[in-house]
Amino acid sequence: AFLSLSSSESGATLHAQSGISRLFKAMYWDEIPAYTSMMESSVLDFQFRNDFCTPELMYKGIALSLTHGYNSFLATISHDGYTQFGELQATTGYARRFGRRFSIAMRGIYLLRHAEHYVSQHSITIDVSCYCQITPHWGIAVELYNPIRLRRGVTGPEIIPMEFALQLNYQWNEKLLMHFRARKWLPG
């Protein structure tokens, strides 16, 4: 399920009633935070996913983007798993739009891995993303997760995998938008 609310001078709206481009950015702004400042309004986002139909792999998240002018302040909290094991992620960050076509964002991320009967593991990292609206129809986004190669448990032996993500979108018309997403984990 996906529910996203936004506010602007005209009041609150559900994204299902707005344009496809805005809906696309609202659905993926947690993966590409630079989308937030391109939406030009504040967003409160709730997500619940059970991709594999088992309670052990349930995803729950809430995200908030407060946008004022060209600036957006971001905060999210999500949990993947259930009470006996999983990963909690809390983020806070900042996004900035430059003109009508380019935006950049950076977030600080706190990770908590937990499993029953094991010591919990606390970690921190960052991610950086940018988005460019090349033409009215074409857009490209890039995200780097953990580009500074921080470790799990802050000083532990295991490096948090670095992720490189690329997302291209093409808006065919006002009702159809196609996108291509590629991810590479290093090592992986």
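Guide: Let's start with a word we'll lean on: a residue is buried when its relative accessible area is under 20%, exposed when over 50%, and partly exposed in between. This is a predicted model, and in it buried residues make up 37% of the 188 residues in the protein chain.

Visitor: Before the details, how many helices and strands does the protein chain have?

Guide: Two helices and 11 strands. Reading from the N terminus, the order is β-β-α-α-β-β-β-β-β-β-β-β-β.

Visitor: And what radius of gyration should I expect for 188 residues?

Guide: A compact globule of that length would come out near 16 Å, and the protein chain has 17 Å, so the two agree. Along the principal axes, the C-alpha atoms fill a box of roughly 50 × 30 × 30 Å. As for contacts between residues at least 6 apart in sequence, 43% of them join residues at least 24 apart.

Visitor: Let's look inside. Which residues touch the most other members of the largest nonpolar core?

Guide: The general idea is that nonpolar side chains tend to be buried together in soluble globular proteins. Here the largest core has 17 residues, and Trp-29, Tyr-35 and Tyr-131 touch the most other members. Helices α1 (20-28) and α2 (35-38) are the elements that give two or more residues to this core. The largest share, three residues, comes from α1.

Visitor: What is Tyr-131 in contact with, apart from its neighbours within four places in sequence?

Guide: Quite a list; among them are Lys-25, Tyr-35, Met-38, Phe-102, Ile-140 and Asn-169.

Visitor: Now the outside. Which residues form a nonpolar patch on the surface?

Guide: Take a look at Leu-64, Leu-66, Phe-73 and Tyr-94, which together have about 370 Å² of accessible area. Leu-66 sits in strand β4 (residues 59-68) and is partly exposed, at 45% relative accessible area.

Visitor: Next, backbone oddities. Where is there a cis peptide bond?

Guide: Start from the norm: most peptide bonds are trans, and most residues other than glycine have a negative phi. In this model, the bond from Leu-186 to Pro-187 is cis, with omega near -5 degrees. Pro-187 falls in the segment after β11 (176-186).

Visitor: And what is the phi of Asn-146?

Guide: It's near 55 degrees, a positive value in a residue other than glycine. Asn-146 belongs to the loop between β9 (138-145) and β10 (162-173). Val-154 is in the loop between β9 and β10 too, with phi near 65 degrees.

Visitor: Is Asn-146 buried or exposed?

Guide: Asn-146 is buried, with a relative accessible area of 0%, whereas Val-154 is partly exposed at 47%.

Visitor: Last topic: how many salt bridges does a search of the whole structure find?

Guide: Side chains of opposite charge can pair when their charged atoms come close. The search turns up nine salt bridges. In one of them, Glu-87 pairs with Arg-152, with the closest N and O atoms 3.7 Å apart. That pair links strand β6 (residues 85-98) to the loop between β9 and β10, across 65 residues. Arg-152 is buried at 9%, while Glu-87 is partly exposed at 26%. Arg-152 also meets Glu-158 in a salt bridge, at 3.7 Å from N to O.

Visitor: Which residues are joined into one network by salt bridges that share partners?

Guide: Begin with Glu-163 and Arg-183, whose closest N and O atoms are 3.1 Å apart. This pair ties strand β10 to strand β11; Glu-163 is buried at 4%, and Arg-183 is partly exposed at 40%. Through shared partners, Glu-31, Glu-163, Arg-181 and Arg-183 form one network.

Key:
Residues are numbered from 1 along each chain as its sequence is written. This is a predicted model: local features need pLDDT of at least 70, side-chain atom pairs count only at pLDDT 80 or more; totals for chains, interfaces and linings use all residues. Side-chain values use heavy atoms; hydrogens and water are left out. Patches are made of residues with over 30% relative accessible area and no salt bridge: like charges are joined within 9 Å, nonpolar side chains (Val, Leu, Ile, Met, Phe, Trp, Tyr) within 5 Å. Accessible areas come from the Shrake-Rupley method with a 1.4 Å probe; for residues, only the protein chains shown count as cover. A salt bridge is a side-chain nitrogen of Lys or Arg within 4 Å of a carboxyl oxygen of Asp or Glu. Helices (H or I, at least four residues) and strands (E, at least two) are DSSP runs, numbered from the N terminus. Buried means under 20% relative accessible area, exposed over 50%, partly exposed in between (1.4 Å probe, protein chains only). A nonpolar core is a set of buried Ala, Val, Leu, Ile, Met, Phe, Trp, Tyr and Cys residues joined through side-chain atoms within 4.5 Å. Contact means heavy atoms within 4.5 Å. The radius of gyration is taken over C-alpha atoms; the globule rule is 2.2 Å times the number of residues to the power 0.38.
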